Amino acid sequence: MRNPLADKVVEIKPSGIRKFFDIVSEMKDAISLGVGEPDFDTPWHIRDEGIYSLERGRTFYTSNSGLKELRQEISNYIRRKHGALYDPMTEVLITVGGSEAIDIGLRAMINPGEEVLIPQPSYVSYEPCAVLAGAKPVIINLKAENEFRLTAEELEAAITDKTKILILPFPNNPTGAIMEKKDLEAIAEVIRRHDIFVMSDEIYGELTYKEKHVSIIEIPGMKERTILINGFSKAYAMTGWRLGYACGPKEILQQMTKIHQFAIMCAPTTSQYAAVEALRNGDDDVAEMRTAYNQRRRFLMNAFREMKLECFEPYGAFYVFPCIKEFGMTSDEFATRFLEEEKVAVVPGTAFGDCGEGYLRISYAYSLENLKLAIGRLEHFITRLREEKKGN
């Protein structure tokens, strides 16, 4: 029988995150710190608006680009946060989560064989989406000594005459790293000089703890060569609503909308009405959740210091990325043993790229109570590992 499968799809590895999530779901009394999903319920006034839209019978398709009211609120939000103006009618597209925006953005811009630069460790979807778009992914290995930021020198070294797009994944999943304005100004100079484009994934932009998030669209000359990706999952605890958006130049958004039109039609109508409410009246909710995440972040960093577990201090998202190289195990081996022996699930750093070897991603989008219990088990585990090492 003829092979029914596409080679490039078969060659893509499954997500390394889900492996441990699936195991822990079947394990009694286990704690999962593996999935990047807020433990908060969607704020009630946002849920209520979704319910109200259903009660009013607003269950029809919206326009392909999304509700006009939502696109206008997104335009208002970006002007308020970043001082940049997007035309809500031609430069904003509502998508099914930020992941769809990444996928159709790459498909709209890439010709076969063109290169996409992907700093790693980073979100698991970038590389597969680049491959599916026909691109050649070029990996830039970020370094702990640079706090996992992308430097201008690293970017310059990776660019060739086939480079088309740089994916800019900050605040970063899994490391929690951020890019400050001076960092963005340095790489913007390289981007302009080589005439390449940026896909800036800012889904964690509301969750920073050192300073207010700065978007690359704020840097002169960058808005017109950037696709800005964002959404509602993380900041507003709306993961299951499946709603994201892309903003960018009209000519790129037109082609993204064409793909979206044929593949999706439109994002969920109920979710769009809820998102309008989130943008209009959700700032206090975001601030409350950000304060809670920061408390958890500080707790974890203090716990790591006390148990002498190396971890650079992250200032964004809701992840920490501790180093476990001292134990002489791969990240997968460490995570597997930790789950089997202590019933706590974390994600091996290699799920986010080969340069994640020797690290773990721990999410603090969980209650402080669960984090305290899990960290107690981690301290017990690494104490035993250090004793084993002494014995050898």
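Reader: Is the crossing of helices H3 and H10 left-handed or right-handed?

Author: The crossing of H3 and H10 is right-handed, that is, the near helix is turned clockwise from the far one by less than a right angle, whereas anticlockwise would be left-handed. This is a predicted model, in which local features need pLDDT of at least 70 and side-chain atom pairs pLDDT 80 or more, while totals for chains, interfaces and linings use all residues. Residues are numbered from 1 along each chain as its sequence is written, and side-chain values use heavy atoms, without hydrogens and water.

Reader: At what angle do the axes of H3 and H10 cross?

Author: Two packed helices are described by the angle and the distance between their axes. Here the axes of H3 (residues 44-55) and H10 (residues 269-281) cross at roughly 145° and come within 8 Å; axes are lines fitted to C-alpha atoms over the stretch in contact, with angles from 0 to 180 degrees between N-to-C directions, and helices are DSSP runs (H or I) of at least four residues, strands (E) of at least two, numbered from the N terminus.

Reader: Which residues of H3 meet H10?

Author: His45, Ile46, Glu49, Gly50, Ser53 and Leu54 in H3 meet residues of H10 that include Tyr273 and Glu277, where contact means heavy atoms within 4.5 Å.

Reader: How many aromatic pairs are found?

Author: The whole structure has 16 aromatic pairs, meaning Phe, Tyr or Trp (six-membered) rings with centres within 6.5 Å, stacked under 30 degrees between planes, edge-to-face over 60 and tilted otherwise. Phe148 and Phe312 form a tilted pair, 5.3 Å centre to centre with 55° between the planes, and they stand 164 residues apart, linking distant parts of the chain.
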